[in-house]
Amino acid sequence: MRNWQRALIGPEATFRDALVSIDSTGAGMALVVDADNRLLGVLSDGDLRRALIRGAGLEDAALTGANREPFCIDQHQDRAATLTMLRAHGLRQLPVLDADRRVVGLTTVSDFLNIPIRSNPVVIMAGGKGERLAELTRDTPKPMLKVGPRPILDTIVGNLAGQGFRNFWLAVNYKAEQIERHFGDGSALGLDIRYLRETRPLGTCGALALLPTQEQPLIVTNGDVLAKVDYGHVLESHLEAGADATVVVRDYEMQVPFGVVNAEAGRILRIDEKPTQSYTISAGAYVLSPSALRKVPADAYYDMPSLIADLIGAGMSVRQQRAEGYWMDIGRPPDYAQANADFGTVFEV
């Protein structure tokens with residue numbers, strides 16, 4: 001929600017102040033915060049009516065009628081999870097908090113109904129062979145393998161189109177004709193789809209040199225990752241930060257299948273049985289500004305980690321943005337099987 005700051009009222013605010021705030025924003029909720037914008041409670045229009053019916057006066061403290069334990073969402077929560085929460089609890093709005101419970105936004109149902117059309121291009125890297133999937137990709141490029149009732153690439157494009165993106169570039173190489181035949185120019189989907197045709201493998205980033213000159217940031221994502229990412233939010237955060245590149249990251253846990261020995265000078269201190277290690281990994285999605293795209297060499301094999309390293313080496317701004325929610329990199333047969341098992345509960349069939 002834009003202008004969400006107008007929904008904020010202080011701890012000394014009255015019911016009258018809350019009523020004015022609710023009326024001015026149209027959000028149906030006032031957020032009571034302290035001097036550091038930490039949430040103290042929320043007062044919906046329903047809360048306000050009930051307080052007045054009970055005999056409260058308009059000059060009484062709004063905090064006396066506020067819900068002190070409202071449903072809230074973390075600022076990094078993805079769009080799909082937020083919509084699920086709104087539906088599950090029959091809510092019309094949710095305060096957005098940072099790690100210190102400071103209010104950083106207000107999400108409303110109307111945010112999901114009024115999706116802005118975004119002119120920023122999306123590049124989907126769909127040229128790989130998918131060799132680890134062996135026989136599955138012998139006759140079919142990996143992005144065209146079906147997960148659920150449709151190809152992986154259909155779900156990726158549909159997810160982005162549902163968030164307002166309309167301009168797509170598909171980087172293709174291996175069995176490119178299948179992808180181009182399936183999507184065409186995108187007009188049947190109400191999209192503009194064009195192709196970056198690699199004559200030889202150019203890595204996870206090299207095909208970006210085939211783009212015409214760009215004047216605004218673009219989204220880059222892999223064609224073999226199924227994820228619930230709010231790309232619009234990532235793009236807006238990138239613009240607000242004035243970054244050259246944004247890397248979408250997430251946590252990835254791996255369990256060591258053995259007892260790990262911790263020792264010092266030959267003396268065992270303890271044995272940790274099958275510990276879990278947690279890492280922050282790249283989720284295979286990025287926002288790149290024109291300044292970053294200019295670093296991609298022409299007609300050369302070039303991977304995204306090389307681009308990120310070159311940007312950092314040049315002193316340019318590279319930021320991360322954490323994404324929660326479903327994520328599956330379909331690189332191995334077990335991943336492909338798991339994605340198919342998950343599909344009906346994660347994506348619309």
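Hi everyone, let me begin with a pocket. By class, the residues lining the second largest pocket are 13 nonpolar, eleven polar and seven charged. Please keep in mind that we are looking at a predicted model.

How much space lies in this second largest pocket? About 730 Å³. Its lining is made of 31 residues, and those nearest the centre are Gly128, Lys129, Lys142, Thr204 and Asp224. Which elements give two or more residues to that lining? They are strand 12 (218–222), strand 17 (276–288) and helix 9 (304–313). Strand 17 contributes the most, with three residues.

Now let's go to helix 1, which spans residues 15–25. Which of its residues are buried? Phe15, Ala18, Ser21, Ile22 and Thr25 are. These buried residues sit on the same side of helix 1, because they take up an arc of only 120 degrees around the axis. There is a handy rule behind this kind of pattern: an α-helix has 3.6 residues a turn, so residues three or four places apart point the same way.

And what is exposed on the other side of helix 1? There you will find Val20 and Asp23.

So what covers the buried residues of helix 1? The cover includes strand 1 (8–9), strand 2 (29–33), strand 3 (39–44) and helix 2 (45–53).

One last stop, if you are following along on the structure: just after helix 1 comes Gly26, with a positive phi of about 70 degrees.

Thanks for listening!

Definitions and conventions
Residues numbered from 1 in each chain as written. Predicted model: local features only at pLDDT ≥ 70, side-chain atom pairs only at ≥ 80, totals over all residues. Heavy atoms only, no water. Buried < 20%, exposed > 50% of the residue type's maximum accessible area, 1.4 Å probe, protein only. Helix = DSSP H or I, 4+ residues; strand = E, 2+ residues; numbered from the N terminus. Arc of directions from axis to C-beta. Contact = heavy atoms within 4.5 Å. 1 Å grid on protein atoms, 1.4 Å probe; cavity = no way out; pocket = protein on both sides within 12 Å on 5 of 7 lines; lining within 4 Å. Points joined across faces, edges and corners; volume = space filled by probe spheres on them. Nonpolar A, V, L, I, M, F, W, Y, C, P; charged D, E, K, R; others polar.
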